Amino acid sequence: MSHIRNFSIIAHIDHGKTTLTDRLLRLTGTVSERELHERMMDSNPIEQERGITIKMAPVRMEYKGATLNLIDTPGHVDFGYEVSRSLAACEGVLLVIDTTQGVQAQTLSNYEKAKALGLKIIPVLNKIDLPAADVEGTMLECMETFGFNESDFALVSAKSGLGVEKLLDKIIEDIPPAPIANDRPLRALVMTSKYDTHKGVIAYVRVVEGTLDKHTKLRTMSGTASFTPVEVGFFNPQMQPMVRLSAGEVGYIATGLKDIHQVKVGDTLTLARASAEVQPLPGFKEPQPMVYMEVYPIEGDDYPLLQDAVDKLSLHDAALDFAGTHSQALGNGLRMGFLGILHAEIVLERLQREFNLDLIATAPSVPYEITLTDGQKQLIHSPAQMPDPSLIREIHEPITKTLIFAPEKYVGPLMKWIRERRGELLTVNPVGTRTKLEYRLPLAELITDFHDTLKSISSGFASMEYQVVGYEPVDAVKVTIMINKEEVEALSIIAPRDQAEMRGREIVTKLKEVVPRQLFEVPIQAAIGGAIIARETIKAYRKDVTAKLYGGDVTRRQKLLKKQAKGKKKMKQIGKVELNQDTFLAVLKR
């Protein structure tokens, strides 16, 4: 029997995954007391500050003669593809549930992901030492929802270490050992990858079959990249070089390749001389960006720096998608694709913090699929790419299946609000003291401030999880925003026809407050096609040119006023309105 156990910890956000990981590292003696600090596995400063995990990280622990490979996963919706990737490399999971909160949206969706892969699931009830903990209630809720037996549960407090040793014994007893298949041709799953200046692309792998050492020439199965590893080893949690990795083990391969896109996440590595009969492992699905923003440097000269910074970031983040773009108002910039709003926030924060860039980001938009009158299809990522309305036969938008968990008393207000957001209710089921709502909801409604409003309506008790399930037809139009009769593409939006006029009015009213006043009057308009649907005018500054005249002839005064009017008229024709960062930020907040 193999002595290797590969497992993951999955949970809803903030249920204690990372604290439990720290506790396991301490108990197994993997990290000495001196080296230990909180959130050991979160290496990025943003992960440390926000208290969230963004990148998954594996670590190897030795306990009672067994080798335990733990893969720490993110809990946030946007990084769901990292979770599914790490589950494909395991035989079992610990499903951590916070006894003060009970089952939440992502507890359910993570359980379903693990169940679909046929993994052994150990439910771990955490925070049992807190005064607010309802251990019995949470256990009953889990038994009802997931069908566990009472003997399946492990009760722990990750913070104080209570019950964690019993949990380690349970992992060794209950999780099936990794199958040994050293005599088969090599197949290794790439779980994630990162870039190192000296060693090139480092692939984090789970060896499923066969063995590899640092002198074997390898290749990727989806691409054409072949290489001889610079180094192979395992995580402890730092990298620990070793001679070889065999079936069942989790470790890393430093490939020496200079382009991260050659080693795709979810790809299979095999021997360079392997025969064509070797099949790639399942689980290779490229992450699809679903939220697009245009990002411009405030100083036009910083554009090369922005390009360089995004190139460097994309080395560590395979899900980041970008291409150059140009706007009349803002100059050169990049159109960037993200997995979700949190992903976008983190990338923008890293660009500003690690590369000292001052940036303007436009409103987030989703990809629309457009069928033209001649039958051609095209995918557009921003309002600027929208073709002329006369050429469009049909527009499709991405639709999500969204799960929301909320206490009963908030269900009424939530349903009313989601109906306004074009949500279609599929099912309502009570789960313990809460209600599970399932919706079909357009992605465009989710990416603005949906999460914040959900939390404020439910006093912070509701939780959500979504996945994109396809495209559906929508009657949408482009609302163009014009300032001083010039189109500002960066402020234009795509909206459903019945909401377009209201959204146009909202933006115009907001812009009136934030666009700086000029010496001439500035019209702000919203238009659909050629029709103006909303207008506000920012009055000009007035200078009293006749203040210094008193008494005397009235014609002198009129002459000065005429001269001023003429000057204002000329200025109105040639005047330019400079827009600042605040203008864009004000419009982004609905």
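Helices are taken as DSSP runs of H or I spanning at least four residues, numbered from the N terminus. In the predicted model analysed here, helix α1 is followed by Gly29, whose phi is positive, near 70°. Helix α1 itself covers residues 17-27, and eight of these eleven residues are buried, so the helix is largely enclosed by the rest of the structure. The buried positions in α1 are Lys17, Thr18, Leu20, Thr21, Asp22, Arg23, Leu24 and Leu25. The list thus includes the charged residues Lys17, Asp22 and Arg23 alongside Leu20, Leu24 and Leu25. An α-helix has 3.6 residues a turn, so residues three or four places apart point the same way.

A parallel arrangement of strands is centred on β5. Strand β5 (residues 120-126) is mostly covered, six of its seven residues being buried. On one side, strand β4 (residues 92-98) runs parallel to β5 and is joined to it by seven bridges. Within this pairing, Val96 stands opposite Val124 in β5. The connection between the two strands includes helix α4 (residues 105-116), and β4, α4 and β5 together make a right-handed β-α-β unit. Strand β5 is also joined to strand β6 (residues 154-155), again in parallel, by two bridges. Here Leu125 stands opposite Leu155 in β6. The chain passes from β5 through helix α5 (residues 135-146) to β6, and this β-α-β crossover is likewise right-handed.Aromatic contacts were examined next. The count of aromatic pairs comes to seven. In one of these, the ring centres of Tyr204 and Phe235 lie 4.7 Å apart with their planes at 45°, so the pair is tilted. This contact links distant parts of the chain, since Tyr204 belongs to strand β8 (residues 200-209) and Phe235 to strand β12 (residues 231-235), 31 residues apart. Tyr204 has a relative accessible area of 10% and is buried. Phe235, at 5% relative accessibility, also counts as buried. Phe235 forms a further aromatic pair with Tyr252, tilted as well, with 5.4 Å from centre to centre and 55° between the planes. Because Phe235 lies in strand β12 and Tyr252 in strand β15 (residues 250-254), this pair ties together parts that are 17 residues apart in sequence. Tyr252 is buried, with a relative accessible area of 0%. Elsewhere, ring pairs link Tyr111, Phe146, Phe148 and Phe153 into a cluster. A contact between a charge and a ring is also present: the charged end of Arg60 sits over the ring of Phe234, 4.3 Å from its centre.

Across the whole structure, the search identifies 22 salt bridges. Among them, Lys199 forms a salt bridge with Glu231, with the closest N and O atoms 3.5 Å apart. The two residues come from distant parts of the chain: Lys199 is in the loop between β7 (187-196) and β8, while Glu231 is in strand β12, 32 residues apart. Lys199 counts as partly exposed at 23% relative accessibility, whereas Glu231 counts as buried at 15%.

A second salt bridge joins Glu397 and Arg422, whose closest N and O atoms are 2.9 Å apart. Glu397 is in strand β23 (residues 392-407) and Arg422 is in the loop between α9 (411-420) and β24 (424-431), so the pair ties together parts that are 25 residues apart in sequence. Glu397 is buried, with a relative accessible area of 4%, and Arg422 counts as partly exposed at 23% relative accessibility. Both residues belong to a network of salt bridges in which Glu397, Arg421, Arg422 and Glu445 are linked.

A salt bridge also forms between the side chains of Lys512 and Glu536, at 3.6 Å from N to O. Lys512 lies in helix α12 (residues 497-514) and Glu536 in strand β31 (residues 531-538), so this pair ties together parts that are 24 residues apart in sequence. Lys512 is partly exposed, with a relative accessible area of 38%. Glu536 counts as partly exposed at 24% relative accessibility.

Technical notes. Residues are numbered from 1 along each chain as its sequence is written. This is a predicted model: local features need pLDDT of at least 70, side-chain atom pairs count only at pLDDT 80 or more; totals for chains, interfaces and linings use all residues. Side-chain values use heavy atoms; hydrogens and water are left out. Buried means under 20% relative accessible area, exposed over 50%, partly exposed in between (1.4 Å probe, protein chains only). Rings of Phe, Tyr and Trp (its six-membered ring) pair if their centres lie within 6.5 Å; planes under 30 degrees apart count as stacked, over 60 as edge-to-face and the rest as tilted. A charge sits over a ring if NZ of Lys or CZ of Arg is within 6 Å of the ring centre and within 35 degrees of the ring normal. Two strands pair if DSSP finds at least two bridges between them. A crossover is right-handed if, with the strands pointing away from the viewer, the path from the first strand over the helix to the second runs clockwise. A salt bridge is a side-chain nitrogen of Lys or Arg within 4 Å of a carboxyl oxygen of Asp or Glu.
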